[in-house]
Amino acid sequence: MIREQRGLVSVRVGLPVDRSPQSFVMITTWSDLDALKLFAGDDWAKAVIDRREAHLLAEVRVAHYLDS
């Protein structure tokens, strides 16, 4: 789903050093904030989780950073 979004520059998924199967990080880079908002909606500061996969997640955290 994410790879098909307009304005997405890149997406990377990584596992922690200890290779815990319960943890991973996903880093997305967007062309601009408007592109992120188009994907995530009005509440763009929250994670966008596919409802069919939500039961697989125990905890979700989101942080956004601007390229200065």
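E59 is exposed, with 58% relative accessible area, in what is a predicted model. Its side chain pairs with that of R61 in a salt bridge, 3.3 Å from N to O. R61 counts as exposed as well, at 72% relative accessibility.

That pair is one of 3 salt bridges in the structure. Here is how they line up:

| Salt bridge | N to O distance |
|---|---|
| E59 and R61 | 3.3 Å |
| R52 and D50 | 2.6 Å |
| D43 and K46 | 3.6 Å |

The R52 and D50 bridge joins two rather unlike settings: R52 is exposed at 60% relative accessible area, whereas D50 sits at 16% and so is buried, the cut-off being under 20%. For the remaining bridge, D43 is partly exposed at 43%, and K46 is exposed at 54%.

Now for the pocket. The largest one holds about 1,700 Å³ of space. Its lining runs to 42 residues, and R61 turns up again here, among the closest to the centre along with V25, M26, I27 and V62. By class, the lining has 28 nonpolar, 6 polar and 8 charged residues. β1 (8-14), β2 (25-30) and α1 each put in at least two residues, with β2 giving the largest share, 6 residues.

M26 and V62 also belong to a nonpolar patch on the surface, together with V13, L15, F24, I49, L56, L57 and V60. Combined, the patch has about 820 Å² of accessible area. One of its members, L57, lies in the segment after α1 (33-40) and is partly exposed, at 32% relative accessibility.

Note on methods: Residues are numbered from 1 along each chain as its sequence is written. This is a predicted model: local features need pLDDT of at least 70, side-chain atom pairs count only at pLDDT 80 or more; totals for chains, interfaces and linings use all residues. Side-chain values use heavy atoms; hydrogens and water are left out. Patches are made of residues with over 30% relative accessible area and no salt bridge: like charges are joined within 9 Å, nonpolar side chains (Val, Leu, Ile, Met, Phe, Trp, Tyr) within 5 Å. Accessible areas come from the Shrake-Rupley method with a 1.4 Å probe; for residues, only the protein chains shown count as cover. A salt bridge is a side-chain nitrogen of Lys or Arg within 4 Å of a carboxyl oxygen of Asp or Glu. Helices (H or I, at least four residues) and strands (E, at least two) are DSSP runs, numbered from the N terminus. Buried means under 20% relative accessible area, exposed over 50%, partly exposed in between (1.4 Å probe, protein chains only). On a 1 Å grid over the protein atoms alone, a cavity is a set of points where a 1.4 Å probe fits but cannot get out, and a pocket is an open set with protein on both sides within 12 Å along at least five of seven lines; lining residues have an atom within 4 Å of a point. Grid points are joined across faces, edges and corners, and a volume is the space filled by probe spheres set on the points. Ala, Val, Leu, Ile, Met, Phe, Trp, Tyr, Cys and Pro count as nonpolar, Asp, Glu, Lys and Arg as charged, and the others, Gly among them, as polar.
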